[in-house]
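Work through the exercises below with the sequence and the model open beside you. Try each task before you read its solution.

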Amino acid sequence: LKHVLENKLIRRNKLGNLRELKTPSISVDFSSNDYLGLAQSSHLLTAVLRDVHTSSPCLGSTGSRLLTGNSLYAQLLEEKIAHFHGYASGTLFGCGYLANLGLLSALSSPNHVIFFDTHVHASIHDGIRLSKVPAFPFKHNDINHLEYRLKNRSSTKNVLICLESVYSTDGSVAPLVTICQLAEKYGASVIVDEAHAVGVLGPEGRGLVAAHGLQECIFAQVVTFGKALGTYGAIVLGKKQLQQALINFAHAYIYTTALPFLVLKAITCSYETFPKMETERAYLQHLITLFRANYPHASPTHIQAVKIPGNAAVKQAARYLEMQGFDIRPLLSPTVQKGHEILRISLHAFNTEKQILHMLHHLTTMRACDA
Ligand SMILES: Cc1ncc(COP(=O)(O)O)c(C=O)c1O
């Protein structure tokens, strides 16, 4: 076994994508998912810790939701979040990875077929694999290719379409309205992961589905709390029947310890805070506009991707920017397709205009030197 692992690691190293842990950087943050700065908010932390001794007898949740890990607090929180996003039910999961795994595996059926955008997150790929449902990709954000898939499906199968509203790697935005129209035309169900949209986009940061009022057309929506919401955990939103199915069939829900009270309280406090952060959202939009005005081919969102093909080249670029004081991480293959390696730049409400212009200056100078 030792040799098998050694060989795998050697092969990885040769490909230039051996993963290693890096301690937090003191450089300007252009890499975290803390888009609103809530993860580092002392105001939020104070709210979470307020009255914590008197509000729960337990630090740990002590069991899974179906055993001793359930609480009225968790159930009311699920209801509140579902209502906020415009759904009938919400089901909490340990994190977004588990939410996608649990959701997709619970939909396992020989009568289903899945069409997924090629850019969806690894957790959706893993969930699809676990579901054992036959699955076919459609080209990223390509409506014609999706329609081709829908037209040519077997008429006896229920179709599930899986996508993200804002894609985590490059910040591209799904054409949600058109996808919902297609889903309606062909009787398909839409599953949308809003991990990178909630908190930042839509009215009160409710996300892109809410921005377009599309809840009725969505079969399931995944919201994660570890990104703009600054905490941890995730929820799957949908109809009541979906919740029943998850409680009964999602192993990632059934066979795991429930989120502890402190995390639930942090989620509660985040939901009391982020909807009011219109000033931060507006400033973040202003920074996006600034970025777009100064960088060609920029995405319309707070996530930007700068293509630098090759693992070695993109790692070197990230190192150079780190030396200039900017924390920007490379996305290597196989996380992204070989030849499509990128620097992923995330913009935050706490970044300044000066930091962005300074970083773009170094980025363009570096690229000009390489050309
Ligand atoms: C689109 C998307 N879905 C799900 C996840 C997983 O969420 P979590 O970090 O809460 O496990 C991520 C995390 O990177 C993501 O980008």
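**Exercise 1.** Find which atom of G96 lies 2.7 Å from an oxygen atom of the ligand, and then describe the surroundings of the ligand.

*Solution.* Begin with G96, where a backbone N or O atom lies 2.7 Å from an oxygen atom of the ligand; a polar contact is a pair of N or O atoms within 3.5 Å. Taken alone, the ligand exposes 390 Å², and the protein buries 83% of that, with areas coming from the Shrake-Rupley method with a 1.4 Å probe. Next, look at the side chains: a polar side-chain atom of K227 lies 3.0 Å from an oxygen atom of the ligand, and a polar side-chain atom of H121 lies 3.2 Å from an oxygen atom of the ligand. Finally, consider the whole shell, in which 13 residues surround the ligand, each with a heavy atom within 4 Å of it. The largest share, 3 residues, comes from helix 5 (residues 96-106), a helix being a DSSP run (H or I) of at least four residues, numbered from the N terminus.

Before going on, note how the values were obtained. The model is predicted, so local features need pLDDT of at least 70 and side-chain atom pairs count only at pLDDT 80 or more, while totals for chains, interfaces and linings use all residues. Residues are numbered from 1 along each chain as its sequence is written, and side-chain values use heavy atoms, with hydrogens and water left out.

**Exercise 2.** Decide whether D51 and T62 are buried or exposed, and examine their phi angles.

*Solution.* First place D51 in the loop between helix 2 (42-49) and helix 3 (52-55), where it has a positive phi of about 60 degrees although it is not a glycine. Most residues other than glycine have a negative phi. With 55% relative accessibility, D51 counts as exposed, a word that means over 50% relative accessible area, whereas buried means under 20%. Then turn to T62, which lies in the loop between helix 3 and helix 4 (72-85) and has a positive phi near 75 degrees; T62 is exposed too, at 54%.

**Exercise 3.** Explain why strand 7 is largely enclosed, and identify its pairing partners.

*Solution.* Strand 7 (residues 218-224) is largely enclosed by the rest of the structure because 6 of its 7 residues are buried; a strand is a DSSP run (E) of at least two residues. Strand 7 pairs with strand 6 (residues 189-193) in the parallel sense over 4 bridges, pairing requiring at least two bridges found by DSSP, and here D193 has V222 as its bridge partner. Strand 7 also pairs with strand 8 (residues 234-238), in the antiparallel sense over 5 bridges, where V223 is matched with I235.

Key: A polar contact is a pair of N or O atoms within 3.5 Å; within protein, one must be able to donate a hydrogen and the other to accept it, and residues adjacent in sequence count only if both atoms are side-chain atoms. Buried means under 20% relative accessible area, exposed over 50%, partly exposed in between (1.4 Å probe, protein chains only).
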